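Q: Got a structure here that I'd like to talk through. Can you walk me through the side-chain contacts and then some of the helix geometry?

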Amino acid sequence: MKRIAEKYVAFVRQPDVARLLAVALLARMPIGMVGFSMLMYLRDALGNFALAGAAAGIHFVSMAVVAPIQGRIIDRHGARLPLMVTGTMQPLALLGVLFAARYHLPFAAIAVFAGLAGAFASPITTLTRTIWRHRFDSEDDRRTAFALDAVAIEINFTLGPAIIAAILASFGATAAFAFAIGVVVVAVIVYIASGVTRLLKQVAGAERHLLGPLTEWRLCLLFVATFGAAMAFGTLEVGYPAYGTHLASPAIAGILLAVNSIGSAVGGALYGGIHFKAPIERQYGAILLLMSVPFFLHLPLWPPLPFAVVAFFAGALIAPSITAQSVLVSRFAPAKYATEAFTWSSTFIVSGLGAGMAIGGALVETTGLPTAFALGGVSAACMGLLVLSALPGRSRAAVRAAD
(Lines give C-alpha, C1' and ligand atoms only; values in the text may rest on other atoms or scores of the structure.)
Protein backbone atom coordinates (compact mmCIF):
# COMPACT_ATOMS: atom_id res chain seq x y z
CA MET A 1 0.00 0.00 0.00
CA LYS A 2 2.89 2.33 0.78
CA ARG A 3 4.28 1.79 -2.72
CA ILE A 4 0.89 2.55 -4.27
CA ALA A 5 0.56 5.74 -2.22
CA GLU A 6 4.07 6.85 -3.22
CA LYS A 7 3.24 6.24 -6.87
CA TYR A 8 0.15 8.43 -6.66
CA VAL A 9 1.95 11.20 -4.79
CA ALA A 10 4.66 11.29 -7.45
CA PHE A 11 2.05 11.23 -10.20
CA VAL A 12 -0.03 14.07 -8.75
CA ARG A 13 3.09 16.22 -8.39
CA GLN A 14 3.57 16.27 -12.16
CA PRO A 15 2.65 19.55 -13.90
CA ASP A 16 -1.09 20.15 -14.39
CA VAL A 17 -2.18 16.85 -12.81
CA ALA A 18 -3.41 18.10 -9.42
CA ARG A 19 -5.16 21.08 -11.02
CA LEU A 20 -6.97 18.93 -13.59
CA LEU A 21 -8.05 16.42 -10.93
CA ALA A 22 -9.42 19.15 -8.66
CA VAL A 23 -11.18 21.01 -11.49
CA ALA A 24 -12.70 17.82 -12.90
CA LEU A 25 -13.97 16.74 -9.48
CA LEU A 26 -15.73 20.07 -8.96
CA ALA A 27 -16.95 20.55 -12.54
CA ARG A 28 -18.45 17.05 -12.78
CA MET A 29 -20.63 17.31 -9.69
CA PRO A 30 -23.75 17.72 -11.89
CA ILE A 31 -23.45 14.15 -13.21
CA GLY A 32 -24.57 12.81 -9.85
CA MET A 33 -27.25 15.44 -9.37
CA VAL A 34 -29.18 16.35 -12.51
CA GLY A 35 -30.79 13.02 -13.41
CA PHE A 36 -31.76 12.19 -9.82
CA SER A 37 -33.12 15.64 -8.99
CA MET A 38 -35.04 15.84 -12.29
CA LEU A 39 -36.63 12.45 -11.67
CA MET A 40 -37.71 13.33 -8.13
CA TYR A 41 -38.96 16.80 -9.12
CA LEU A 42 -41.02 15.45 -12.02
CA ARG A 43 -42.35 12.64 -9.83
CA ASP A 44 -43.55 15.32 -7.41
CA ALA A 45 -44.91 17.64 -10.10
CA LEU A 46 -46.51 15.06 -12.40
CA GLY A 47 -47.70 12.65 -9.75
CA ASN A 48 -46.19 9.41 -11.07
CA PHE A 49 -42.87 7.76 -11.79
CA ALA A 50 -43.88 6.60 -15.28
CA LEU A 51 -43.94 10.09 -16.81
CA ALA A 52 -40.99 11.23 -14.69
CA GLY A 53 -38.95 8.22 -15.82
CA ALA A 54 -39.94 8.80 -19.44
CA ALA A 55 -38.69 12.40 -19.31
CA ALA A 56 -35.44 11.32 -17.64
CA GLY A 57 -35.04 8.60 -20.26
CA ILE A 58 -35.51 11.11 -23.08
CA HIS A 59 -32.86 13.29 -21.45
CA PHE A 60 -30.28 10.47 -21.39
CA VAL A 61 -31.09 9.14 -24.87
CA SER A 62 -30.68 12.64 -26.30
CA MET A 63 -27.36 12.97 -24.49
CA ALA A 64 -26.13 9.66 -25.94
CA VAL A 65 -27.19 10.51 -29.50
CA VAL A 66 -25.70 14.02 -29.64
CA ALA A 67 -22.43 13.38 -27.74
CA PRO A 68 -20.43 12.21 -30.80
CA ILE A 69 -21.48 15.34 -32.70
CA GLN A 70 -20.13 17.47 -29.88
CA GLY A 71 -16.92 15.45 -29.94
CA ARG A 72 -16.44 15.99 -33.66
CA ILE A 73 -16.95 19.74 -33.27
CA ILE A 74 -14.39 19.88 -30.44
CA ASP A 75 -11.81 17.91 -32.42
CA ARG A 76 -12.15 20.33 -35.33
CA HIS A 77 -12.73 23.69 -33.66
CA GLY A 78 -11.63 23.41 -30.04
CA ALA A 79 -13.50 23.22 -26.75
CA ARG A 80 -14.18 26.81 -25.70
CA LEU A 81 -17.19 27.57 -27.93
CA PRO A 82 -18.93 24.21 -27.31
CA LEU A 83 -18.46 24.69 -23.57
CA MET A 84 -19.96 28.19 -23.72
CA VAL A 85 -22.91 27.05 -25.85
CA THR A 86 -23.71 24.00 -23.73
CA GLY A 87 -23.08 25.96 -20.54
CA THR A 88 -25.80 28.38 -21.63
CA MET A 89 -28.31 26.06 -23.30
CA GLN A 90 -28.32 23.17 -20.82
CA PRO A 91 -29.37 25.20 -17.76
CA LEU A 92 -31.95 27.10 -19.84
CA ALA A 93 -33.44 23.80 -21.04
CA LEU A 94 -33.44 22.44 -17.47
CA LEU A 95 -35.24 25.58 -16.35
CA GLY A 96 -37.71 24.87 -19.15
CA VAL A 97 -38.35 21.43 -17.61
CA LEU A 98 -38.83 23.02 -14.19
CA PHE A 99 -41.29 25.69 -15.30
CA ALA A 100 -43.15 23.48 -17.80
CA ALA A 101 -43.94 21.01 -15.04
CA ARG A 102 -44.64 23.70 -12.44
CA TYR A 103 -47.20 25.43 -14.67
CA HIS A 104 -48.75 22.18 -15.88
CA LEU A 105 -47.83 22.45 -19.56
CA PRO A 106 -48.46 19.35 -21.70
CA PHE A 107 -46.02 16.50 -21.16
CA ALA A 108 -44.77 16.99 -24.72
CA ALA A 109 -43.31 20.36 -23.68
CA ILE A 110 -41.52 18.76 -20.73
CA ALA A 111 -40.17 16.03 -23.04
CA VAL A 112 -38.85 18.62 -25.52
CA PHE A 113 -37.03 20.56 -22.82
CA ALA A 114 -35.64 17.33 -21.32
CA GLY A 115 -34.38 16.30 -24.76
CA LEU A 116 -32.76 19.69 -25.31
CA ALA A 117 -31.08 19.51 -21.90
CA GLY A 118 -29.58 16.16 -22.90
CA ALA A 119 -28.55 17.35 -26.34
CA PHE A 120 -26.72 20.33 -24.85
CA ALA A 121 -25.24 18.45 -21.89
CA SER A 122 -21.80 19.81 -21.10
CA PRO A 123 -18.96 17.60 -22.49
CA ILE A 124 -16.79 18.08 -19.38
CA THR A 125 -16.36 14.36 -18.63
CA THR A 126 -15.35 13.55 -22.19
CA LEU A 127 -13.05 16.56 -22.40
CA THR A 128 -11.30 15.56 -19.21
CA ARG A 129 -10.56 12.07 -20.53
CA THR A 130 -9.32 13.54 -23.80
CA ILE A 131 -7.02 15.90 -21.90
CA TRP A 132 -5.55 12.94 -19.97
CA ARG A 133 -4.94 11.23 -23.31
CA HIS A 134 -3.08 14.27 -24.66
CA ARG A 135 -1.24 15.00 -21.42
CA PHE A 136 0.53 11.60 -21.25
CA ASP A 137 2.18 9.47 -23.94
CA SER A 138 3.01 6.50 -21.70
CA GLU A 139 0.23 3.93 -21.30
CA ASP A 140 1.27 3.36 -17.68
CA ASP A 141 0.76 7.07 -16.98
CA ARG A 142 -2.53 7.05 -18.86
CA ARG A 143 -3.72 4.05 -16.85
CA THR A 144 -2.88 5.86 -13.60
CA ALA A 145 -4.61 9.03 -14.84
CA PHE A 146 -7.75 7.21 -15.97
CA ALA A 147 -7.85 5.27 -12.67
CA LEU A 148 -7.79 8.51 -10.68
CA ASP A 149 -10.40 9.91 -13.06
CA ALA A 150 -12.66 6.90 -12.49
CA VAL A 151 -12.27 7.25 -8.72
CA ALA A 152 -13.17 10.94 -8.97
CA ILE A 153 -16.32 10.07 -10.93
CA GLU A 154 -17.34 7.57 -8.24
CA ILE A 155 -16.95 10.37 -5.70
CA ASN A 156 -19.23 12.51 -7.89
CA PHE A 157 -21.81 9.72 -8.04
CA THR A 158 -21.64 9.26 -4.26
CA LEU A 159 -21.63 12.89 -3.11
CA GLY A 160 -24.01 14.27 -5.74
CA PRO A 161 -27.05 12.12 -4.89
CA ALA A 162 -26.30 12.48 -1.16
CA ILE A 163 -26.41 16.28 -1.43
CA ILE A 164 -29.61 16.16 -3.47
CA ALA A 165 -31.18 13.72 -0.99
CA ALA A 166 -30.36 16.10 1.87
CA ILE A 167 -31.95 19.04 0.03
CA LEU A 168 -34.97 16.89 -0.84
CA ALA A 169 -35.47 15.98 2.80
CA SER A 170 -34.99 19.55 4.03
CA PHE A 171 -36.46 21.81 1.36
CA GLY A 172 -38.32 19.67 -1.18
CA ALA A 173 -37.98 18.50 -4.78
CA THR A 174 -38.21 21.95 -6.41
CA ALA A 175 -35.33 23.29 -4.35
CA ALA A 176 -33.24 20.19 -5.10
CA PHE A 177 -33.76 20.47 -8.87
CA ALA A 178 -33.10 24.23 -8.83
CA PHE A 179 -29.90 23.64 -6.86
CA ALA A 180 -28.74 21.07 -9.43
CA ILE A 181 -29.36 23.58 -12.22
CA GLY A 182 -27.27 26.15 -10.37
CA VAL A 183 -24.45 23.62 -9.99
CA VAL A 184 -24.52 23.05 -13.77
CA VAL A 185 -23.90 26.78 -14.33
CA VAL A 186 -21.10 26.97 -11.76
CA ALA A 187 -19.45 23.80 -13.11
CA VAL A 188 -19.02 25.18 -16.62
CA ILE A 189 -17.72 28.51 -15.32
CA VAL A 190 -15.16 26.71 -13.14
CA TYR A 191 -14.02 24.50 -16.02
CA ILE A 192 -13.59 27.34 -18.50
CA ALA A 193 -11.95 29.68 -15.98
CA SER A 194 -9.45 27.01 -14.88
CA GLY A 195 -7.76 27.02 -18.30
CA VAL A 196 -7.42 23.21 -18.42
CA THR A 197 -8.73 23.14 -21.99
CA ARG A 198 -5.40 24.61 -23.10
CA LEU A 199 -4.00 21.11 -22.62
CA LEU A 200 -6.12 19.86 -25.54
CA LYS A 201 -4.22 19.31 -28.77
CA GLN A 202 -5.81 19.75 -32.18
CA VAL A 203 -4.59 18.03 -35.34
CA ALA A 204 -4.86 20.76 -37.95
CA GLY A 205 -5.47 19.95 -41.61
CA ALA A 206 -5.78 16.19 -41.09
CA GLU A 207 -7.88 14.22 -43.57
CA ARG A 208 -11.07 13.05 -41.90
CA HIS A 209 -13.58 10.32 -42.69
CA LEU A 210 -17.35 10.64 -42.38
CA LEU A 211 -17.41 7.79 -39.85
CA GLY A 212 -14.63 9.35 -37.82
CA PRO A 213 -13.03 6.93 -35.32
CA LEU A 214 -15.51 4.18 -36.26
CA THR A 215 -13.30 3.33 -39.24
CA GLU A 216 -10.96 1.58 -36.74
CA TRP A 217 -12.29 -1.97 -36.32
CA ARG A 218 -10.63 -2.51 -32.93
CA LEU A 219 -12.42 0.55 -31.59
CA CYS A 220 -15.78 -0.74 -32.87
CA LEU A 221 -15.19 -4.09 -31.20
CA LEU A 222 -14.18 -2.31 -28.00
CA PHE A 223 -17.41 -0.32 -28.08
CA VAL A 224 -19.42 -3.55 -28.38
CA ALA A 225 -17.66 -4.81 -25.25
CA THR A 226 -18.27 -1.44 -23.60
CA PHE A 227 -22.00 -1.69 -24.32
CA GLY A 228 -22.16 -5.20 -22.86
CA ALA A 229 -20.22 -4.25 -19.75
CA ALA A 230 -22.40 -1.18 -19.20
CA MET A 231 -25.49 -3.37 -19.62
CA ALA A 232 -24.19 -5.44 -16.70
CA PHE A 233 -23.79 -2.26 -14.63
CA GLY A 234 -27.37 -1.32 -15.51
CA THR A 235 -28.72 -4.53 -14.01
CA LEU A 236 -27.30 -3.43 -10.64
CA GLU A 237 -29.05 -0.06 -10.91
CA VAL A 238 -32.40 -1.80 -11.11
CA GLY A 239 -31.46 -4.91 -9.11
CA TYR A 240 -30.59 -3.16 -5.85
CA PRO A 241 -33.86 -1.18 -5.65
CA ALA A 242 -35.74 -4.40 -6.47
CA TYR A 243 -33.86 -6.18 -3.66
CA GLY A 244 -34.88 -3.42 -1.26
CA THR A 245 -38.50 -3.82 -2.34
CA HIS A 246 -38.16 -7.59 -1.93
CA LEU A 247 -37.21 -7.00 1.73
CA ALA A 248 -39.88 -4.30 2.16
CA SER A 249 -37.07 -1.87 2.98
CA PRO A 250 -36.50 0.48 -0.01
CA ALA A 251 -33.80 2.46 1.84
CA ILE A 252 -31.46 -0.55 1.53
CA ALA A 253 -31.17 0.19 -2.20
CA GLY A 254 -29.41 3.49 -1.55
CA ILE A 255 -27.02 1.84 0.88
CA LEU A 256 -26.18 -0.93 -1.60
CA LEU A 257 -25.57 1.57 -4.42
CA ALA A 258 -23.28 3.59 -2.13
CA VAL A 259 -21.38 0.44 -1.07
CA ASN A 260 -21.04 -0.51 -4.72
CA SER A 261 -19.64 2.94 -5.55
CA ILE A 262 -17.19 2.77 -2.64
CA GLY A 263 -16.02 -0.63 -3.88
CA SER A 264 -15.52 0.85 -7.33
CA ALA A 265 -13.46 3.73 -5.95
CA VAL A 266 -11.27 1.38 -3.89
CA GLY A 267 -10.81 -1.00 -6.82
CA GLY A 268 -9.95 1.84 -9.18
CA ALA A 269 -7.37 3.27 -6.78
CA LEU A 270 -5.69 -0.12 -6.33
CA TYR A 271 -5.75 -0.91 -10.05
CA GLY A 272 -4.14 2.39 -11.00
CA GLY A 273 -1.39 1.96 -8.40
CA ILE A 274 -0.35 -1.61 -9.18
CA HIS A 275 2.05 -2.48 -12.00
CA PHE A 276 0.79 -5.25 -14.32
CA LYS A 277 2.92 -7.03 -16.92
CA ALA A 278 0.01 -8.28 -19.01
CA PRO A 279 -1.04 -6.22 -22.06
CA ILE A 280 -3.92 -3.86 -21.33
CA GLU A 281 -6.22 -5.83 -23.67
CA ARG A 282 -5.68 -8.93 -21.53
CA GLN A 283 -6.23 -6.91 -18.38
CA TYR A 284 -9.55 -5.58 -19.68
CA GLY A 285 -10.81 -9.01 -20.73
CA ALA A 286 -9.75 -10.59 -17.43
CA ILE A 287 -11.42 -7.82 -15.42
CA LEU A 288 -14.73 -8.38 -17.21
CA LEU A 289 -14.51 -12.15 -16.71
CA LEU A 290 -13.75 -11.73 -13.01
CA MET A 291 -16.57 -9.21 -12.70
CA SER A 292 -19.09 -11.90 -13.61
CA VAL A 293 -18.29 -13.81 -10.40
CA PRO A 294 -19.73 -11.30 -7.88
CA PHE A 295 -22.67 -10.72 -10.23
CA PHE A 296 -23.54 -14.42 -10.02
CA LEU A 297 -22.99 -14.33 -6.25
CA HIS A 298 -26.02 -12.01 -6.02
CA LEU A 299 -28.31 -14.86 -7.12
CA PRO A 300 -29.01 -16.44 -3.70
CA LEU A 301 -30.39 -13.09 -2.45
CA TRP A 302 -28.42 -13.22 0.78
CA PRO A 303 -29.43 -11.30 3.91
CA PRO A 304 -28.48 -7.58 3.77
CA LEU A 305 -24.98 -7.78 5.33
CA PRO A 306 -23.49 -10.50 3.09
CA PHE A 307 -25.39 -9.02 0.15
CA ALA A 308 -23.63 -5.68 0.81
CA VAL A 309 -20.26 -7.48 0.81
CA VAL A 310 -21.09 -8.93 -2.61
CA ALA A 311 -22.15 -5.46 -3.80
CA PHE A 312 -18.78 -4.08 -2.69
CA PHE A 313 -16.83 -6.68 -4.67
CA ALA A 314 -19.08 -6.24 -7.70
CA GLY A 315 -18.23 -2.54 -7.61
CA ALA A 316 -14.52 -3.18 -7.05
CA LEU A 317 -14.09 -4.16 -10.69
CA ILE A 318 -16.20 -1.41 -12.28
CA ALA A 319 -13.66 1.44 -12.09
CA PRO A 320 -10.78 -0.84 -13.21
CA SER A 321 -12.83 -1.90 -16.24
CA ILE A 322 -13.57 1.72 -17.15
CA THR A 323 -9.88 2.59 -16.67
CA ALA A 324 -8.64 -0.19 -18.93
CA GLN A 325 -11.30 0.64 -21.53
CA SER A 326 -10.26 4.32 -21.52
CA VAL A 327 -6.61 3.38 -22.09
CA LEU A 328 -7.64 1.27 -25.09
CA VAL A 329 -9.81 4.07 -26.51
CA SER A 330 -6.86 6.46 -26.22
CA ARG A 331 -4.63 3.98 -28.08
CA PHE A 332 -6.98 2.82 -30.81
CA ALA A 333 -8.37 6.27 -31.71
CA PRO A 334 -6.18 8.44 -33.96
CA ALA A 335 -5.25 11.78 -32.36
CA LYS A 336 -7.46 13.69 -34.84
CA TYR A 337 -10.51 11.80 -33.49
CA ALA A 338 -9.52 11.78 -29.79
CA THR A 339 -12.53 13.64 -28.37
CA GLU A 340 -15.06 12.09 -30.73
CA ALA A 341 -13.82 8.61 -29.76
CA PHE A 342 -14.43 9.30 -26.07
CA THR A 343 -17.89 10.69 -26.84
CA TRP A 344 -18.72 7.48 -28.74
CA SER A 345 -17.50 5.61 -25.66
CA SER A 346 -19.90 7.65 -23.50
CA THR A 347 -22.72 6.93 -25.96
CA PHE A 348 -22.19 3.17 -25.69
CA ILE A 349 -21.90 3.37 -21.89
CA VAL A 350 -25.15 5.35 -21.52
CA SER A 351 -26.94 3.11 -24.03
CA GLY A 352 -25.70 -0.04 -22.30
CA LEU A 353 -26.79 1.24 -18.89
CA GLY A 354 -30.24 2.01 -20.28
CA ALA A 355 -30.53 -1.40 -21.91
CA GLY A 356 -29.44 -3.16 -18.72
CA MET A 357 -31.93 -1.21 -16.64
CA ALA A 358 -34.78 -1.81 -19.11
CA ILE A 359 -34.14 -5.53 -19.62
CA GLY A 360 -33.30 -6.05 -15.95
CA GLY A 361 -36.51 -4.33 -14.91
CA ALA A 362 -38.52 -6.51 -17.27
CA LEU A 363 -36.85 -9.65 -15.90
CA VAL A 364 -37.57 -8.61 -12.31
CA GLU A 365 -41.27 -8.26 -13.13
CA THR A 366 -41.56 -11.45 -15.20
CA THR A 367 -39.05 -14.07 -14.06
CA GLY A 368 -37.80 -12.75 -10.73
CA LEU A 369 -34.92 -10.73 -9.30
CA PRO A 370 -32.17 -13.40 -9.56
CA THR A 371 -32.46 -13.50 -13.36
CA ALA A 372 -31.65 -9.78 -13.56
CA PHE A 373 -28.36 -10.37 -11.71
CA ALA A 374 -27.75 -13.45 -13.88
CA LEU A 375 -28.12 -11.26 -16.98
CA GLY A 376 -25.40 -8.97 -15.61
CA GLY A 377 -23.08 -11.90 -14.96
CA VAL A 378 -23.62 -13.46 -18.38
CA SER A 379 -23.14 -10.11 -20.12
CA ALA A 380 -19.85 -9.38 -18.28
CA ALA A 381 -18.52 -12.90 -18.92
CA CYS A 382 -19.40 -12.83 -22.62
CA MET A 383 -17.75 -9.43 -23.09
CA GLY A 384 -14.63 -10.66 -21.30
CA LEU A 385 -14.40 -13.66 -23.61
CA LEU A 386 -14.98 -11.41 -26.63
CA VAL A 387 -12.11 -9.10 -25.66
CA LEU A 388 -9.71 -11.95 -24.85
CA SER A 389 -10.43 -13.76 -28.11
CA ALA A 390 -10.77 -10.88 -30.57
CA LEU A 391 -8.39 -8.15 -29.33
CA PRO A 392 -4.78 -9.33 -29.60
CA GLY A 393 -2.63 -8.01 -26.77
CA ARG A 394 0.41 -5.88 -27.57
CA SER A 395 3.58 -6.03 -25.54
CA ARG A 396 4.82 -2.88 -23.81
CA ALA A 397 7.76 -2.75 -26.17
CA ALA A 398 5.44 -2.79 -29.17
CA VAL A 399 3.31 -0.03 -27.68
CA ARG A 400 6.35 2.15 -27.00
CA ALA A 401 7.64 1.54 -30.53
CA ALA A 402 4.28 2.55 -31.99
CA ASP A 403 4.20 5.67 -29.85
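A: Sure, starting with a salt bridge: Arg218 pairs with Glu216, and their closest N and O atoms are 3.0 Å apart. The term salt bridge here means a side-chain nitrogen of Lys or Arg within 4 Å of a carboxyl oxygen of Asp or Glu.

Q: Before we go on, what kind of model is this?

A: This is a predicted model, where local features need pLDDT of at least 70 and side-chain atom pairs count only at pLDDT 80 or more, while totals for chains, interfaces and linings use all residues. Residues are numbered from 1 along each chain as its sequence is written, and side-chain values use heavy atoms, with hydrogens and water left out.

Q: Ok, back to that pair. Is Glu216 buried or exposed?

A: Glu216 is buried, at a relative accessible area of 19%. Arg218 has 21%, so Arg218 counts as partly exposed. The cut-offs are under 20% relative accessible area for buried, over 50% for exposed and partly exposed in between, with a 1.4 Å probe and protein chains only.

Q: How many salt bridges does the structure hold?

A: Eight salt bridges. One of them joins Asp149 to Arg28, with 2.7 Å between the closest N and O atoms.

Q: Where do those two sit in the fold?

A: Asp149 is in helix 8 (residues 139-171), and Arg28 is in the loop between helix 2 (17-27) and helix 3 (34-46), so this salt bridge ties together parts 121 residues apart in sequence. Helices here are DSSP runs (H or I, at least four residues), numbered from the N terminus.

Q: And what's the accessibility of Asp149?

A: Asp149 has a relative accessible area of 1%, so it is buried. Arg28 also comes out as buried, at 1% relative accessibility.

Q: Which residue does Arg72 bridge to?

A: Glu340, with the closest N and O atoms 2.9 Å apart. That pair links distant parts of the chain, as Arg72 is in helix 4 (residues 49-77) and Glu340 in helix 15 (residues 338-366), 268 residues apart. Glu340 is at 3% relative accessibility, which counts as buried.

Q: Which residues make up a salt-bridge network?

A: Asp16, Arg19 and Arg135 are joined into one network by salt bridges that share partners. Asp16 lies in the loop between helix 1 (2-12) and helix 2, and its 29% relative accessibility makes it partly exposed.

Q: What about the backbone at Asp16?

A: Asp16 has a positive phi of about 75°, although it is not a glycine. His104 is another non-glycine residue with a positive phi, near 60°. His104 lies in the loop between helix 5 (80-102) and helix 6 and is exposed, with a relative accessible area of 66%.

Q: Changing topic: how many aromatic pairs turn up?

A: A search of the whole structure gives 13. Among them are Phe99 and Tyr103, whose ring centres are 6.2 Å apart with planes at 15°, so they are stacked. Rings of Phe, Tyr and Trp (its six-membered ring) pair if their centres lie within 6.5 Å, and planes under 30 degrees apart count as stacked, over 60 as edge-to-face and the rest as tilted.

Q: How accessible is Tyr103?

A: Tyr103 is at 55% relative accessibility, so it counts as exposed. Phe99 is partly exposed, at 41%.

Q: Which rings form a cluster?

A: Tyr240, Tyr243, Phe307 and Phe373 are linked into a cluster by ring pairs.

Q: And which ring does the charged end of Arg143 sit over?

A: The ring of Tyr271, 4.9 Å from its centre. Arg135 likewise lies over the face of Phe136, 4.6 Å from the ring centre. A charge sits over a ring if NZ of Lys or CZ of Arg is within 6 Å of the ring centre and within 35 degrees of the ring normal.

Q: Last bit, helix packing. At what angle do helix 12 and helix 14 cross?

A: The axes of helix 12 (residues 280-296) and helix 14 (residues 318-332) cross at roughly 150° and come within 9 Å. The two are therefore roughly antiparallel, a label for angles over 145 degrees, with under 35 being roughly parallel, 65 to 115 roughly perpendicular and the rest oblique. Axes are lines fitted to C-alpha atoms, for helices over the stretch in contact, and angles run from 0 to 180 degrees between N-to-C directions.
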